[in-house]
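Reader: I keep meeting words such as "buried" and "paired" in descriptions of proteins. Could you show me how such words are earned?

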Amino acid sequence: ETVVNRIAAGEVIHRPSNALKELIENSLDAGATSIAITVKDGGMKMLQIQDNGHGIRTEDLAIVCERFTTSKLREYEDLSRIQTYGFRGEALASISHVAHLSITTKRADSECAYRASYADGRLAAAKGGGRSEPEPCAGNNGTTITAEDLFYNIRSRRDALRNTREEYSRIFEVASRYSIHNAGVAFTCRKAGAAKADLSTAQGATAIANIRQVFGGKVAGALVEFGQADEDLEVEFKGHVSSAAHEMHKTVFLLFINHRLVEHTPIRRAVEALYASILPKASRPFVYLDLRIRPERVDVNVHPTKREVRFLNEDAIIGRIVDCIHRRVLGTND
Ligand code: ADP
Ligand code: MG
């Protein structure tokens, strides 16, 4: 049974950056305004995320790592919203099957923090020993989740992820993209022991300020803002894209659908084709696209942790996005 769970967990969590994405989304769901990420050996040795969100109830600590345990049914009455958001209670469970997981959490109304360790979906003794139950400890309001020794029990996965620089750069990419999309939240991302963070955004910043920090002033300075709401298709989108002034070495495409970082090859191709036709010099654009689609229209058959998603009326929606960018880049939208 454990092996089956471990294999299933490996399907959800492929590499450290997947785990981080899920953990960041949990912190955001908890209302965090500050998220600090610390990484050892590309996240293979340790991946830690500290937030100042609402914390986890002490009585819930025993069950948060059970599969399909989610507190979010209480908070989101619309079931389709839950499905499309990936609120399925699988992330912590999966991580606990493939890493040494520990959680320290404190709610504002609690006098102290509690720390718990997990293995295979259940409370377990901490790595250094001790009891298999939450223990009171000192701590700030919020939650710190630490995943250590990722894939310690899946040798093949560990071997495939030897390049810790590559894994760190994927982690940095996830952290920096979420910081752009959630510019109100302060993000830091650093290697353990490093004096200086590689990413450090201010609370209450703007998307463009964070794009500048991550991609540099040259990229940020050549972007134009676009956006539109469409009642027929029930979509809304906005973002920042390259203008005529822009020449990049490769396409950078940041796509968030309903606040989840995803891939969508047809949108990417359509936007690239647009640039190739109207601005051959900028045929590798920078695109940050924030797309909101009614949850009912997003295909729930695609596993939410998969990065590639599908939705209804794709061609029509892509058409609206491309038209909007087209008009904006050619300066006829004002
Ligand atoms: P889901 O996000 O789908 O509910 P997860 O496995 O990602 O499932 O998390 C399980 C539960 O653990 C969440 O529903 C939430 O109650 C709690 N949780 C996880 N991370 C945090 C966090 N950073 N702050 C507060 N609660 C959290
Ligand atoms: Mg989650």
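Author: Gladly! Let us start with pairing: two strands pair if DSSP finds at least two bridges between them. Helices (H or I, at least four residues) and strands (E, at least two) are themselves DSSP runs, numbered from the N terminus. This is a predicted model, where local features need pLDDT of at least 70 and side-chain atom pairs count only at pLDDT 80 or more, while totals for chains, interfaces and linings use all residues. Residues are numbered from 1 along each chain as its sequence is written, and chains are lettered from A and ligands numbered from 1 in the order in which they are written.

Reader: What makes β2 and β7 a pair?

Author: The rule asks for at least two bridges, and 6 bridges join β2 to β7 (residues 142-148), so the two strands pair, in the antiparallel sense. In one of these bridges, Leu47 has Ala147 of β7 as its partner. Strand β2 (residues 46-51) is also joined by 6 bridges to β1 (residues 34-40), again antiparallel. There, Ile35 is opposite Asp51. β1 and β2 make a hairpin with 5 residues between them, and Asp41 in that turn has a positive phi of about 50 degrees.

Reader: Why are β10 and β13 called edge strands?

Author: They belong to an open sheet of 5 strands with mixed pairing, in the order β10-β11-β14-β12-β13. β10 (223-230) and β13 (260-261) each pair on one side only, which is what makes them the edges. On its paired side, β10 meets β11 through 8 antiparallel bridges, with Leu223 opposite Ser242.

Reader: How do you know that Asp149 is partly exposed?

Author: We count C-beta atoms, placed from the backbone: 20 or more others within 10 Å means buried, 12 or fewer means exposed, and partly exposed is in between. Asp149 has 16 others within 10 Å, so the residue is partly exposed. Asp149 sits in the loop between β7 and α6 (155-160).

Reader: What does Asp149 touch?

Author: Leaving aside residues up to four places away in sequence, Asp149 touches Lys45, Ala99 and His100. Contact here means C-beta atoms, placed from the backbone, within 7 Å of each other.

Reader: And why does Val262 count as partly exposed?

Author: Val262 has 18 C-beta neighbours inside 10 Å, a count between the two cut-offs, so the verdict is partly exposed. Val262 lies in the loop between β13 and α10 (265-278). Val262 and Val309 are 47 residues apart in sequence, with their C-alpha atoms 6.9 Å apart in space.

Reader: Which residues of α8 are buried, and how do you know that they line one face?

Author: In α8 (residues 207-215), the buried residues are Ala207, Asn210, Ile211 and Val214. Seen down the helix axis, they fall within an arc of 105 degrees (taken from the directions from the axis to the C-beta atoms), so they line one face of α8. An α-helix has 3.6 residues a turn, so residues three or four places apart point the same way. Among the elements covering the buried residues of α8 are α7 (164-181) and β14 (286-293). After α8 comes Gly216, with a positive phi near 95 degrees.

Reader: What makes a residue count as near ligand 1?

Author: The C-beta atom, placed from the backbone, has to lie within 6 Å of the molecule. There are 21 residues around ligand 1, and those that come nearest are Asn26, Ala30, Thr70, Ser71 and Ala91. Helices α2 (16-29) and α5 (91-98) each supply at least two residues of this shell.

Terms used. Two residues are in contact if their C-beta atoms, placed from the backbone, lie within 7 Å.
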